[in-house]
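User: Please take a close look at the aromatic ring pairs in this structure, and describe how the rings are arranged.

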Amino acid sequence: MQRENAELRKKLERPAEPYTITTSARIYGCGSCGAHIGMEEDVVSKEFCGSTGRAYFVNQVFNVNLGPVHECVFKTGKHVIADLLCAACDASHDQRTVVGWKYLKTGVRSQKYKEGKYVIEEAMLVKLGWGTKE
């Protein structure tokens, strides 16, 4: 049983095909290939700013690989982050599409809530299942 669980975990961490969210929810996809990156219901805040402009602070993302870890100094202080790379673009197009970043560590006590969470940049996304609104 443990071996089966370990094998399933490996498949989920590195799926052969991009994970597709099967729900009627509003989905954010990669702007380059359309792979599902996140869901509207996981957005905590739309008041973040990325290198391309407006960005969303989210609890969970899909179909991403972590890029190199590095330190960044934002308005809120120094943070250790890793870029979020679209896994589908990485695998199929041999290109690196950076869709945001993951907060790994922060030295600022008031910013600890960000650790382990993600920021996805609006300009790097497409909206799927949004109907005619937005």
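Analyst: What follows deals with the aromatic pairs and the residues that form them.

This is a predicted model, in which local features need pLDDT of at least 70 and side-chain atom pairs count only at pLDDT 80 or more, while totals for chains, interfaces and linings use all residues. Residues are numbered from 1 along each chain as its sequence is written, and side-chain values use heavy atoms, with hydrogens and water left out.

Searching the whole structure gives seven aromatic pairs, where rings of Phe, Tyr and Trp (its six-membered ring) pair if their centres lie within 6.5 Å, and planes under 30 degrees apart count as stacked, over 60 as edge-to-face and the rest as tilted. One of them joins Tyr28 and Tyr56, whose ring centres are 5.1 Å apart with planes at 40°, so this pair is tilted. Because Tyr28 lies in strand β1 (residues 27–30) and Tyr56 in strand β4 (residues 53–58), the pair ties together parts that are 28 residues apart in sequence; strands here are DSSP runs (E, at least two residues), numbered from the N terminus. Both Tyr28 and Tyr56 are buried, a term for under 20% relative accessible area, with exposed meaning over 50% and partly exposed in between (1.4 Å probe, protein chains only).

The rings of Phe74 and Trp101 have centres 5.4 Å apart and planes at 20°, so that pair is stacked. It links distant parts of the chain, with Phe74 in strand β5 (residues 64–74) and Trp101 in strand β7 (residues 98–106), 27 residues apart. Phe74 is partly exposed at a relative accessible area of 25%, whereas Trp101 is buried at 6%. Ring pairs also link Phe74 and Trp101 with Phe48, Phe57, Tyr103 and Tyr113 into a cluster.

Terms used: Helix = DSSP H or I, 4+ residues; strand = E, 2+ residues; numbered from the N terminus.
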